[in-house]
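Here is a short tour for a reader who has not met this structure before. Keep the model open while you read.

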Amino acid sequence: MTSSTLDRVALANNPAICDLRSDTVTRPDQAMRDAMSNAPVGDDVYGDDPTVAALETFATEMLGKQEAAFFPSGTQSNLAAMLSHCQRGDELITGTEYHVKSSEGAGASVLGGVAIHTIAAEPDGSLAPDAISAAIKPDDAHHPVSRLLCLENTHKGAVISLAAMQAASAAARDKGLAVHLDGARLFNATQALGIEPAALAATADTVSLCLSKGLGTPAGTLLLGPKDVLHRARRWRKILGGGMRQSGILAAAAMHALQHNVSRLSDDHQRAATLSQHLIDIGAGDPAHPTRSETCMVFFTPAGDHMAFRASMAEQGVLLGGNSPTIRLVLHKDIDDAKLDRICSAFSAQCGT
Ligand SMILES: Cc1ncc(COP(=O)(O)O)c(C=O)c1O
């Protein structure tokens, strides 16, 4: 490792640091570690791991789906879902900036020969039913076969209403398409909407649900859906190298998170709103890009050079994410009220008030 890498590692691992880069930086707490160390395990590739089996059953009941499979990551779970719904020569439709298009290496095209048709999201992050209908191709040999609509909620932290999700889904289902929901932060959405997780999950045939973001596990994502699709997804998981052995250690963390860390996501949303209001109150940031919060995220644009801004915030113990010019600040389980106070003070000092 270079010395700058070592510096970065030391910085990120300093418990006094307020790390706002992402909710993926959360570390398992003692109760989660205890659940992990006590978990009964077996070889899950043989289907022998009782903790993975218990997690999958628990999740199907929570989300109202037939079957679930535990994956190492959200990218792999989304990919297995897309490859299970679509064949070579098919097409999926999704939002231009949705994660499956913008940040997952076009895996469905690379590995599955699946075309990706993008449509621009509405200001609320949803996909308009008319735009979906217009994107679906007629049955004509010139075109790929439109097979799947991929939705996302939350999208860049923003909650899409249940009605907008239902309308998008209906536009696809009316024309015979299946629907996949990238619900990496599904519980942030359901907590903010005040609805049952199963109600949002019902807008899609398959749902991918990340456990290693605000829910705080070290790794893992659940894919849920109908038996036949999940059967194919398990095959894809193996092909993609995602068959795990004594993964009950991770499933125990996931079970703990589903039982203890869902309702507390509202605390992250509240702290994001508090931080956003503080930044507005002290007049920090570029007035051309107003500061705002969406669930657990705050979007803030520094008035001057954002690299210098980031560096001096790091000197004050606050790590900011890499986006530019607007920086995404993510509140999560490892930022409590005391750390939030320190973050607000650091912004006040930095922005000269
Ligand atoms: C909306 C969304 N979907 C999927 C993923 C992929 O998850 P993973 O990092 O576990 O591959 C992410 C990761 O940040 C995400 O934000």
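What should the 13 residues of helix α12 (residues 248-260) span at 1.5 Å a residue, and how far apart are its end C-alpha atoms? The expected span is 18 Å, and the end C-alpha atoms of α12 are 18 Å apart, so the two agree. Note that this is a predicted model.

**Helix α12**

Helix α12 is mostly covered. Ten of its 13 residues are buried. They are G248, L250, A251, A252, A253, A254, M255, H256, A257 and L258. What lies over them? The cover for the buried residues of α12 includes three helices, α2 (30-37), α3 (50-63) and α9 (186-193). Strands β2 (67-71) and β8 (221-225) are also part of that cover.

**Helix α11**

Helix α11 covers residues 227-239. Its 13 residues reach 19 Å from first C-alpha to last, close to the 18 Å expected at 1.5 Å a residue. Its buried residues are V229, L230, A233 and R237. They cover an arc of only 90° around the axis, so they sit on the same side of α11. Which residues are exposed on the other side of α11? There, H231, R235 and I239 are exposed. The buried residues pack against α3, β2, α4 (74-85), β7 (206-210) and β8. After α11 comes G241, with a positive phi near 85°.

**The nonpolar cores**

The largest nonpolar core has 48 residues. Within it, F70, I132, F187 and L222 touch the most other members. Helix α12 gives the most to this core, with seven residues. Take F187 as a case. Leaving out residues up to four places away in sequence, F187 touches M62, L63, P197, L209, L215, L258, V262 and L265. L258 is one of the buried residues of α12. A second, separate core holds 22 residues, including F309, L329, A346 and F347.

**The ligand**

Which residues surround the ligand? They are S73, G74, T75, N78, H99, E104, E152, D182, A184, R185 and K213. Three of the side chains place a polar atom at the distances below.

| Residue | Ligand atom | Distance |
|---|---|---|
| T75 | oxygen | 2.6 Å |
| D182 | nitrogen | 2.6 Å |
| K213 | oxygen | 3.0 Å |

**Two single residues**

T94 belongs to strand β3 (residues 90-95). Is T94 buried or exposed? Its relative accessible area is 0%, so T94 is buried, as the cut-off is under 20%. Leaving out residues up to four places away in sequence, T94 touches V100, K101, I116, H117, T118, I119, L127 and C150. The C-alpha atoms of T94 and I280 are separated by 34 Å. Along the chain, T94 and I280 are 186 residues apart.

R264 is in the loop between α12 and α13 (265-281). Why does R264 count as buried? Its relative accessibility is 15%, and buried means under 20%, so R264 qualifies. The side chain of R264 makes a polar contact with the side chain of D268, at 2.6 Å. Leaving out residues up to four places away in sequence, R264 touches G214, R271, H332 and K333.

Definitions and conventions: Residues are numbered from 1 along each chain as its sequence is written. This is a predicted model: local features need pLDDT of at least 70, side-chain atom pairs count only at pLDDT 80 or more; totals for chains, interfaces and linings use all residues. Side-chain values use heavy atoms; hydrogens and water are left out. Helices (H or I, at least four residues) and strands (E, at least two) are DSSP runs, numbered from the N terminus. The expected span of a helix is 1.5 Å times one less than its number of residues. Buried means under 20% relative accessible area, exposed over 50%, partly exposed in between (1.4 Å probe, protein chains only). Contact means heavy atoms within 4.5 Å. The arc is that of the directions from the helix axis to the C-beta atoms. A nonpolar core is a set of buried Ala, Val, Leu, Ile, Met, Phe, Trp, Tyr and Cys residues joined through side-chain atoms within 4.5 Å. A residue is near a molecule or strand if one of its heavy atoms lies within 4 Å of it. A polar contact is a pair of N or O atoms within 3.5 Å; within protein, one must be able to donate a hydrogen and the other to accept it, and residues adjacent in sequence count only if both atoms are side-chain atoms.
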